[in-house]
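Work through the exercises below with the structure at hand. Each task is followed by a stepwise solution.

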Amino acid sequence: MSTFELYRYQLLPASQQQQDLFQTMLSADQIRERKNEFLDAVLGEHLHFRHRGLEIKHKVELHDGPWFMFKIGAHKSIDRDTADFRRERIESWPNITVIVHNDSDTQIIAISKNIKAFSSTKIVAKLFEHALTSALRSYGLTVQIREQFEKHNFWSIIDNYSGKIARVKFEMVAPNMANISRTLKIDFKQLNRDSNCQKVNLELEALPGATLEIKPDNELVDGCVEYASLGGGDIAIKIRGIKKEIRTSTTVKSVEVDEIFIKCPDDKLLSIIKQIL
């Protein structure tokens, strides 16, 4: 089986003021309305990927409406021993598949795992975020890409460390998708419009000698957990007695695709991914 890990991207205007784009003044609302159109144009252009000095190549394998399929390869060198007892170096381009669903109600990126190319899909997500940030600047947009995770993972941690939770910090991207922000009990969308903030941190902390008591029936907390799990942010949990915080971003939601389909023509693979997502 081949594993694809799932991420969500948010597109937000770089400013709440009118911006001069393409010899036309556009309001923040007009940019919001056209955000996926602008991203579509960027994805079809030549993006520049950089990672620790490695040479990285990419190719748009398929573009079908709001769906894009990329191949991204990293230049590697492999040393091997030959039959005549010599050592030789050969060039290799291990690669991964990235599928983007650029629909305004979805905005999902699925990244295949291949440690021969990249040690984690998070590295690829960051590559995409950096490349898109540069490309979208001329369209008056910013982009944030965050992992999706299973909501029950958070509550499992809370249950496992009951009586030891010192702090819970929600690091959330200001939303621009109504279908994933409806559970929020704080109007981050309006806060973004009023102040142009792209990120919001909500920190719950107990005083020394006490611990947090967090329950799923708390609508404010559960709404933040739901939003973060859908790709709206990350949650950091501090446990008393444990130095390092536990982060929900370490458990990325994934889907499995049979290896036989990975070797299929690109249009068939994309059709299978569409059904899964």
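A nonpolar core is a set of buried Ala, Val, Leu, Ile, Met, Phe, Trp, Tyr and Cys residues joined through side-chain atoms within 4.5 Å. Buried means under 20% relative accessible area. The model is predicted.

**Exercise 1. The cores**

Task: Find which residues touch the most other members of the largest nonpolar core, and which elements supply this core.

Solution:
- Step 1. The largest nonpolar core has 37 residues. Those that touch the most other members are Leu-43, Ile-72, Val-98, Val-100, Phe-118, Phe-128 and Leu-132.
- Step 2. At least two residues of this core come from each of strand S1 (2-13), H2, strand S5 (67-74), strand S8 (95-101), strand S9 (108-112), H3 and strand S10 (141-147).
- Step 3. H3 gives the most to this core, namely eight residues.
- Step 4. A separate, second core has 26 residues, among them Phe-154, Tyr-227, Ala-228 and Ile-235.
- Step 5. Now take Ile-72, leaving aside neighbours within four places in sequence: its contacts include Phe-49, Ile-56, Val-98, Phe-118, Val-124 and Phe-128. Lys-57, His-58 and Asn-95 are also in contact with Ile-72.

**Exercise 2. Two helices**

Task: Describe how the axes of H2 and H3 cross, and list the residues that make the contact.

Solution:
- Step 1. Two packed helices are described by the angle between their axes and the distance between the axes.
- Step 2. The axes of helix H2 (residues 35-43) and helix H3 (residues 121-136) cross at roughly 110 degrees and come within 10 Å.
- Step 3. Angles of 65 to 115 degrees count as roughly perpendicular, so H2 is roughly perpendicular to H3.
- Step 4. H2 contributes Phe-38, Leu-39, Val-42 and Leu-43 to the contact, and H3 contributes Phe-128, Leu-132, Ala-135 and Leu-136.
- Step 5. By class, the residues of the contact of H2 with H3 are eight nonpolar, no polar and no charged.

**Exercise 3. A sheet and its helix**

Task: Give the strand order of the open sheet of four strands and state which strands lie at the edges.

Solution:
- Step 1. The order is S12-S11-S13-S14, and the pairing is antiparallel.
- Step 2. Strand S12 (199-205) and strand S14 (246-247) each pair on one side only and are the edge strands.
- Step 3. Helix H7 (residues 219-232) packs on the sheet and touches S11, S12 and S13. The direction of H7 makes about 50 degrees with that of S11.
- Step 4. Strand S11 (residues 165-173) and strand S13 (residues 233-239) run antiparallel and are joined by seven bridges.
- Step 5. Glu-171 stands opposite Asp-234 in S13.

**Exercise 4. Three loop residues**

Task: Decide whether Gln-107 is buried or exposed, then treat Asn-196 and Pro-66 likewise.

Solution:
- Step 1. Gln-107 lies in the loop between S8 and S9. Its relative accessible area is 0%, so Gln-107 is buried. Gln-107 is not a glycine, yet its phi is positive, about 50 degrees.
- Step 2. Asn-196 lies in the loop between helix H6 (188-195) and S12. Its relative accessibility is 22%, so Asn-196 counts as partly exposed. Asn-196 also has a positive phi, near 65 degrees.
- Step 3. Pro-66 is in the loop between strand S4 (56-64) and S5. With a relative accessible area of 29%, Pro-66 is partly exposed.
- Step 4. Not counting residues up to four places away in sequence, Pro-66 touches Val-100, His-101, Asn-102 and Asp-103.

Key:
Residues numbered from 1 in each chain as written. Predicted model: local features only at pLDDT ≥ 70, side-chain atom pairs only at ≥ 80, totals over all residues. Heavy atoms only, no water. Pairing = 2+ DSSP bridges. Contact = heavy atoms within 4.5 Å. Axes fitted to C-alpha atoms, helices over the stretch in contact; angles between N-to-C directions. Parallel < 35°, antiparallel > 145°, perpendicular 65-115°, else oblique. Nonpolar A, V, L, I, M, F, W, Y, C, P; charged D, E, K, R; others polar. Buried < 20%, exposed > 50% of the residue type's maximum accessible area, 1.4 Å probe, protein only.
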